[in-house]
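Here are my notes on the model you sent over, point by point. Have the structure open while you read, since I jump around a bit.

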Amino acid sequence: MLKVLHINQSDSVGGASIAGYRLHQGLIKSGASSKILVGSSNRSTTLTQTIPRIALLEAVLKRVFIPFGLNNLHIVNTWNIANHSFFLEADVVNFHNLHLNYFNYLAISKLTNIKPTVFRLPDMWSFTGHCAYSFDCKRWMTGCGQCPYLETYPAVNRDNTHLEWKLKKWTYNNSNLTIVTPSKWLAVKAQQSLLNCFPIHHIPNGLNVDLYQPLDVSMCRAVLDLPLEKRILAFAAQTFQDPRKGSDLLVAALQKLPAPLKKNLILMTLGEGGELLELSVDIPTVSLGYAGGDRLKAVAYSAADLFVFPTRADNLPLVLQESMACGTPMVSFDVGGVPELVRPGQTGLLAKPEDANDLAQKIIELLEDDTLRYNMGQKCREIAVAEYSLELQSERYIALYHQVIDNFHDSGSKSVRLDI
């Protein structure tokens with residue numbers, strides 16, 4: 001039986017955590033053994049454990065590294081993961097999100113020379129001087145430094161981004177990794193980065209398309225206490241305070257909608273802080289709060305006429321996959337990996353980045369055309385089942401794991417290949 005260990009920041013909170021946990025579930029369903037080591041856990045299971053920490057020593061070192069803009073280097077126990085029973089018994093290790101104050105990236109070289117390792121990139125952080133998304137900055141291609149976005153997530157106190165970039169490069173030069181990107185967009189970025197010394201594969205995230213499927217609209221709206229005669233516009237984010245998710249652009253777009261349309265519209269939000277949006281738009285708002293349960297999310301997507309996602313930067317957003325699987329067409333911006341899901345004329349419409357006027361026009365176009373929305377909804381479901389099922393993702397990962405294991409034991413050498 002193939003034994004897989006996942007290392008992630010959490011097993012339940014955030015897109016990278018949810019994607020990693022879904023893969024874990026899919027692997028088990030496919031007959032593999034799968035366990036998880038995390039920075040923090042909200043699940044009670046023998047298959048998940050938190051990574052031990054040395055709190056006092058970390059607190060002392062944190063005072064040294066954090067003021068100098070060097071996040072995560074104070075975490076000293078990462079090297080000891082090599083002695084954990086989950087690690088010792090694993091045939092292959094799968095890294096996920098490594099940048100949320102629980103993992104020291106300098107330990108990658110040690111861990112990956114002991115066990116064959118796959119690194120699924122949730123964003124750009126692995127090859128930048130600190131940021132998860134670089135927006136219009138391309139300094140990560142040449143070494144970072146003079147960072148224009150020190151405050152962007154994960155923020156740093158001082159511009160030592162060139163040093164962090166160099167430390168990552170040194171680590172990778174002494175590591176043995178295989179890279180996986182959920183989007184083709186991120187695969188291209190990785191090939192242009194300091195990760196191009198490793199094999200790079202494109203495997204989209206998967207989801208349970210039996211759980212996320214179109215449900216009866218009347219039933220879903222009754223459950224959520226939403227009127228049948230209104231148009232429902234949905235928006236989801238872990239927190240609406242994150243500037244990258246573009247809640248300000250959504251507000252600007254909604255303010256530009258014609259009055260007759262707004263009279264027949266309700267905004268439904270999923271995430272922390274959604275109730276605050278009603279103060280900024282003259283549209284009734286129903287806030288469901290942070291929805292961690294798949295069933296509630298499937299009901300919400302199915303109740304909506306249109307899902308709008310005004311992101312400024314993203315990889316392959318899970319919420320768009322979930323909306324697709326529930327047969328709800330989408331409107332978003334033409335950024336990152338979003339066009340791989342929001343396919344103009346098929347599954348939704350794309351607006352020009354940062355253009356609230358264009359976003360408003362796309363919303364109007366779809367809300368006013370019932371036939372177009374219906375046809376897009378059918379196509380959404382068709383593509384989700386054909387391309388993003390959890391079973392298909394698990395099959396691809398299992399095949400890759402076996403390849404990585406064989407290569408590791410044969411030679412342990414690194415090669416360059418871009419597989420998109």
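**Notes on cavities, cores and a few odd spots**

1. Let me start inside. About 100 Å³ of space lies in the largest cavity. Keep in mind that this is a predicted model. The search of the whole structure turns up two cavities of 30 Å³ or more.

2. What surrounds the largest cavity? Its lining has 14 residues, and those nearest the centre are Cys 131, Cys 137, Cys 144, Cys 147 and Pro 148. By class, that lining divides into seven nonpolar residues, six polar and one charged.

3. The second largest cavity has a volume of about 40 Å³. Its lining is made of Lys 3, Val 4, Leu 5, Ser 33, Lys 35, Phe 86, Glu 89 and Ala 90. Strand β1 (3-10), strand β2 (33-40) and helix α3 (85-89) each put in at least two of these residues, and β1 has the largest share with three. The class split here is four nonpolar, one polar and three charged.

4. Now for the open space. The largest pocket has a volume of about 1000 Å³. It is lined by 45 residues, and Gly 15, Gln 238, Asp 242, Arg 244 and Lys 245 lie nearest its centre. Several elements each supply at least two lining residues: α1 (15-29), β8 (231-239), β9 (265-272), α10 (294-303) and α11 (318-325). If you like to think in terms of chemistry, the lining has 24 nonpolar, 11 polar and 10 charged residues.

5. Helix α1 is worth a closer look, as one of the elements that line the largest pocket. Of its 15 residues, 11 are buried, so the helix is largely enclosed by the rest of the structure. The buried ones are Ala 16, Ser 17, Ile 18, Ala 19, Gly 20, Tyr 21, Arg 22, Leu 23, His 24, Gly 26 and Leu 27. Its length checks out too: at 1.5 Å a residue the helix should span 21 Å, and its end C-alpha atoms are 21 Å apart. Just after α1, Gly 31 takes a positive phi of about 105°.

6. On to the nonpolar packing. Which residues touch the most other members of the largest nonpolar core? Phe 307 and Ile 363 do, in a core of 67 residues. Setting aside neighbours within four places in sequence, Ile 363 is in contact with Leu 233, Leu 257, Leu 306, Val 308 and Val 331. There is also a second, separate core of 41 residues, with Phe 103, Leu 106, Trp 125 and Ala 132 among them.

7. Helix α13 (residues 370-387) is another one to check. Its 18 residues reach 26 Å from first C-alpha to last, close to the 26 Å expected at 1.5 Å a residue. Buried within α13 are Arg 373, Met 376, Gly 377, Cys 380, Arg 381, Ile 383 and Ala 384. The elements covering these buried residues include β8, α11, β12 (330-333), β13 (348-351) and α12 (356-367). You have met two of those already: β8 and α11 also help line the largest pocket.

8. The loop between β5 (117-120) and α5 (161-173) deserves some attention, and Pro 154 lies in it. The peptide bond from Tyr 153 to Pro 154 is cis, with omega near -15°. Phe 135 is in the loop between β5 and α5 as well. Its phi is near 55°, a positive value in a residue other than glycine.

9. Gln 146 sits in the loop between β5 and α5 too, and its phi is near 50°, again positive in a residue other than glycine. Are these two residues buried or exposed? Phe 135 is partly exposed, with a relative accessible area of 34%. Gln 146 is at 65% relative accessibility, so it counts as exposed, the cut-off being over 50%.

10. One last spot: Ala 55, which is found in helix α2 (residues 55-65). At 58% relative accessibility, Ala 55 counts as exposed. The C-alpha atoms of Ala 55 and Val 76 are separated by 9.5 Å, with the two residues 21 apart along the chain.

Note on methods:
Residues numbered from 1 in each chain as written. Predicted model: local features only at pLDDT ≥ 70, side-chain atom pairs only at ≥ 80, totals over all residues. Heavy atoms only, no water. 1 Å grid on protein atoms, 1.4 Å probe; cavity = no way out; pocket = protein on both sides within 12 Å on 5 of 7 lines; lining within 4 Å. Points joined across faces, edges and corners; volume = space filled by probe spheres on them. Helix = DSSP H or I, 4+ residues; strand = E, 2+ residues; numbered from the N terminus. Nonpolar A, V, L, I, M, F, W, Y, C, P; charged D, E, K, R; others polar. Core = buried A, V, L, I, M, F, W, Y, C linked by side-chain atoms within 4.5 Å. Buried < 20%, exposed > 50% of the residue type's maximum accessible area, 1.4 Å probe, protein only. Contact = heavy atoms within 4.5 Å. Expected span 1.5 Å × (residues − 1).
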